[in-house]
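Me: I am new to reading protein structures and would like to understand the words people use for them. Could we go through this one together?

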Amino acid sequence: PVVTSTMEARRDDKRRMSRAHRCLAVALLAWLAELAPDVAAMRAPVVTSRRLPVASRSSHVMSGGKGAKGFGAAPKRAAPAKKAEPAAPPADTALMDGAPASSRAAAAPVSYTGRTRKGVLGPTRTVPAHIPRPDYAASGTPGYRRPLVPWDIEVKSPAAIAGMRAACKLAREVLDAAGKAVAPGVRLDEIDRIVHEETIKRGAYPSTLNYCGYPKSVCTSVNEIVCHGIPDDNVLIEGDVVNIDVTCYFGGYHGDLSETFAVGTVNAEGKRLVRVTHEAWQRAISVCAPGVPYKAIGAAIEDVVAPSGFTIVRGFVGHGIGAAFHMPPNVVHHRNEDRNGVMAVGHTFTIEPMVNERAADVTEWPDKWTIATSDGGRSAQFEHTLLIVEGGVEVLTPQTANSQKPWWSEP
């Protein structure tokens, strides 16, 4: 037999390893090419939903979207929000009066699709120095960086889960206080004041404040405003519907939720819109459990919404949440085949579907936050922060005795 020297054996090993590395590199490149759209969407800058969700500066995700929450929601690859047309009849245009004087001259006119108009913004509210702040509070830029793949989802430790429960309980109390103020004649900025004061008196920070530059402590979205409505001097009118999206940062964690409220008496079709949205949202929550793919959420929502004749907004998603306002997973609210991972014990995330009365298309105001339906139809939304537990799901932002009653189910 031929005896090979140690040096020759090592050379042979290196050749074999080199061939293996080349094969692995080719396979990896092919996989990355297939994944490219997901990576591109996922690496985009975080803004939206919620519920400023991770929506796109990139979605509201402020809902859901809080998506990506702006708040709520990170933007989906499908159908980005349409930019508002700069030209519009004089009666339907207004400059961004609430912008600083230095920016007003360059502000683009708003092309309105419904009756909501851009109002004047009040001063940005301050937070006492002793209250702990998220990393973006001063700069406006979140320090969190998303992982390479969207199915890399953080599993919360017991200590983190305890922190999430505390933040979510607090956020629920704040939303309930804001909801009690909803009535005809109430200014949206008054709702912002209530949310801000109720948050800081509990030792928490209003998460939306200066998140990617957002100027207020809550999102108030009235009628055709889908998400990320900035509270201003506009007043609520009898028959309006308004979504209030609250996120609070407390003990190092964010708690995020929203509900749609009635201003006085809402007409039958408005009630039906909110009822279908609530039912679809609850159906989606009911399918959550360890081992369930995140894409099942969108299918559950669409199964409820599609037969109703209403439409699901596709540009904004729910999001993971924890020490960061927005993180994986992206929670898509319509039927999809996106690879956003599988639910596991310790995952925390939001579900925050936005359902429109007519067309699903949306338009973005020049303030780069406010999202409106393209045809002026109304929109409704609900949001919870959820925790996957053994055997199912725990709602971390449940209603209490102080929460609003289901007015959408009344005759």
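Me: Why does Asn-356 count as buried or exposed, whichever of the two applies?

Reply: Happy to help! Keep in mind that this is a predicted model. Asn-356 has a relative accessibility of 0%, and buried means under 20%, so Asn-356 counts as buried. You will find Asn-356 in strand S11, which covers residues 354-356.

Me: What does the side chain of Asn-356 reach, and what makes that a polar contact?

Reply: The side chain of Asn-356 reaches the backbone oxygen of Ala-359 at 3.0 Å. The cut-off for a pair of N or O atoms is within 3.5 Å, so 3.0 Å qualifies as a polar contact.

Me: How do you know that S11 and S14 are paired?

Reply: Count the bridges: three of them join S11 to S14, and the two strands run antiparallel. Pairing needs at least two bridges, so three bridges are enough for S11 and S14. One spot to look at is Val-355, which stands opposite Ala-380 in S14.

Me: Which strands form the open sheet with S11, and what makes some of them edge strands?

Reply: The order in this sheet of three strands is S7-S11-S14, with antiparallel pairing. Strand S7 (311-312) and strand S14 (379-381) each have a single partner strand, so one side of each has no neighbour in the sheet, and they stand at the edges.

Me: What makes strand S9 largely enclosed?

Reply: S9 covers residues 327-331, and five of its five residues are buried, so the rest of the structure largely encloses this strand. For the whole protein of 411 residues, the buried share is 55%.

Me: Which strand pairs with S9, and how are the two joined?

Reply: Strand S8 (residues 318-320) pairs with S9 in the antiparallel sense, over three bridges. His-319 stands opposite Asn-330 in S9. A hairpin links S8 to S9 through six residues.

Me: How do you know whether His-326, in the loop between S8 and S9, is buried or exposed?

Reply: Its relative accessible area is 2%. Since buried means under 20%, His-326 is buried. The side chain of His-326 also makes a polar contact of 2.8 Å with the side chain of Tyr-211.

Me: Why are H3 and H4 called roughly antiparallel?

Reply: Look at the angle. Helix H3 (residues 158-179) and helix H4 (residues 188-200) pack at about 150°, with 9 Å between their axes. Angles over 145 degrees count as roughly antiparallel, and therefore H3 and H4 get that name. The way H3 passes H4 is a right-handed crossing.

Me: What makes H5 and H6 roughly antiparallel?

Reply: You can use the angle here too. Helix H5 (residues 268-286) and helix H6 (residues 295-305) pack at an angle of about 150°, and their axes are 8 Å apart. With the cut-off at over 145 degrees, H5 and H6 are therefore roughly antiparallel. The crossing of H5 and H6 is right-handed.

Me: How do you know that S15 and S16 pair, and what lies between them?

Reply: Strand S15 (residues 384-389) and strand S16 (residues 392-395) run antiparallel and are joined by four bridges. At least two are needed, so S15 and S16 count as paired. Val-389 has Gly-392 in S16 as its bridge partner. The two strands form a hairpin with two residues between them, and Gly-391 in the turn has a positive phi of about 85°.

Methods: Residues numbered from 1 in each chain as written. Predicted model: local features only at pLDDT ≥ 70, side-chain atom pairs only at ≥ 80, totals over all residues. Heavy atoms only, no water. Buried < 20%, exposed > 50% of the residue type's maximum accessible area, 1.4 Å probe, protein only. Polar contact = N/O pair within 3.5 Å; in protein donor to acceptor, adjacent residues only side chain to side chain. Axes fitted to C-alpha atoms, helices over the stretch in contact; angles between N-to-C directions. Parallel < 35°, antiparallel > 145°, perpendicular 65-115°, else oblique. Left-handed = near helix turned anticlockwise from the far one by under 90°.
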